[in-house]
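Me: I should like to work through a protein structure by means of questions and answers. Please show it before we begin.

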Amino acid sequence: MSSITDNGFIIHSKPFGETSVIFDFFTEENGLISTILKGAKKRKDISQLQPSREFIINTSRANLPLLTKYELIESYLIKKEYILLIIYFNELIYRLVPKNQPQKTLFNFY
């Protein structure tokens, strides 16, 4: 099975089944993508998968790709007064950016 490696930020997440989580990443090369991390709720390092952190991610090639590997690149410190703005901006990206279409300018702004 081939994989895709990309830089990305977590925009949104939601539980899936008993132990899995679906993460929506805003990536540099592929735009907004959804991935599933199986057994996420049992992992000890799940706490690092939070918004406003930049990751290098590996995903499988599929309709709903599996998140096979992730590595934290940068965790940006956000002042309390900007947290709502980040949440709002993430929600705008999640709802308005088409899936699987590169958005390099917007990614660089983010």
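**Charged pairs and the sheet**

Reply: In this predicted model, Arg95 and Glu91 form a salt bridge, and their closest N and O atoms are 3.1 Å apart.

Me: About how many helical turns separate Arg95 and Glu91?

Reply: Both residues belong to helix H1. Because Arg95 and Glu91 are 4 residues apart in that helix, the separation is about one helical turn.

Me: Is Arg95 buried, partly exposed or exposed?

Reply: Exposed means over 50% relative accessible area, and partly exposed lies between that and the limit of 20% for buried. Its partner Glu91 has 28% and is therefore partly exposed. Arg95 has a relative accessible area of 62%, so Arg95 is exposed.

Me: How many salt bridges does a search of the whole structure find?

Reply: Side chains of opposite charge can pair when their charged atoms come close. One such pair is Asp45 and Arg43, with a distance of 3.4 Å from N to O. Asp45 is partly exposed at 29%, and Arg43 is partly exposed at 34%. For the whole structure, the search gives 4 salt bridges.

Me: How many residues apart are Lys99 and Asp24, which meet in a salt bridge?

Reply: The distance from N to O in this pair is 3.3 Å. Lys99 lies in the loop between H1 and helix H2 (104-109), whereas Asp24 lies in strand S2. The pair thus links distant parts of the chain, and the separation is 75 residues.

Me: Is Asp24 buried or exposed?

Reply: Lys99 has a relative accessible area of 41% and is partly exposed. A residue counts as buried under 20%. The value for Asp24 is 1%, so Asp24 is buried.

Me: In what order do the 5 strands of the open sheet stand?

Reply: The pairing in this sheet is antiparallel. The order of the strands is S3-S2-S1-S4-S5.

Me: Which strands stand at the edges?

Reply: A strand at the edge has a single partner strand, so one side of it is left without a neighbour in the sheet. This applies to S3 (31-37) and S5 (67-75).

Me: Which residue stands opposite Thr5?

Reply: Strand S1 (residues 3-16) pairs with strand S4 (residues 53-60) over 7 bridges, in the antiparallel sense. Opposite Thr5, in S4, stands Asn58.

Me: What angle does the direction of helix H1 make with that of S1?

Reply: Helix H1 (residues 83-96) packs on the sheet and touches S1, strand S2 (20-27) and S3. The angle between the directions of H1 and S1 is about 105°.

Key:
Residues numbered from 1 in each chain as written. Predicted model: local features only at pLDDT ≥ 70, side-chain atom pairs only at ≥ 80, totals over all residues. Heavy atoms only, no water. Pairing = 2+ DSSP bridges. Helix = DSSP H or I, 4+ residues; strand = E, 2+ residues; numbered from the N terminus. Contact = heavy atoms within 4.5 Å. Axes fitted to C-alpha atoms, helices over the stretch in contact; angles between N-to-C directions. Salt bridge = Lys/Arg side-chain N within 4 Å of Asp/Glu carboxyl O. Buried < 20%, exposed > 50% of the residue type's maximum accessible area, 1.4 Å probe, protein only.
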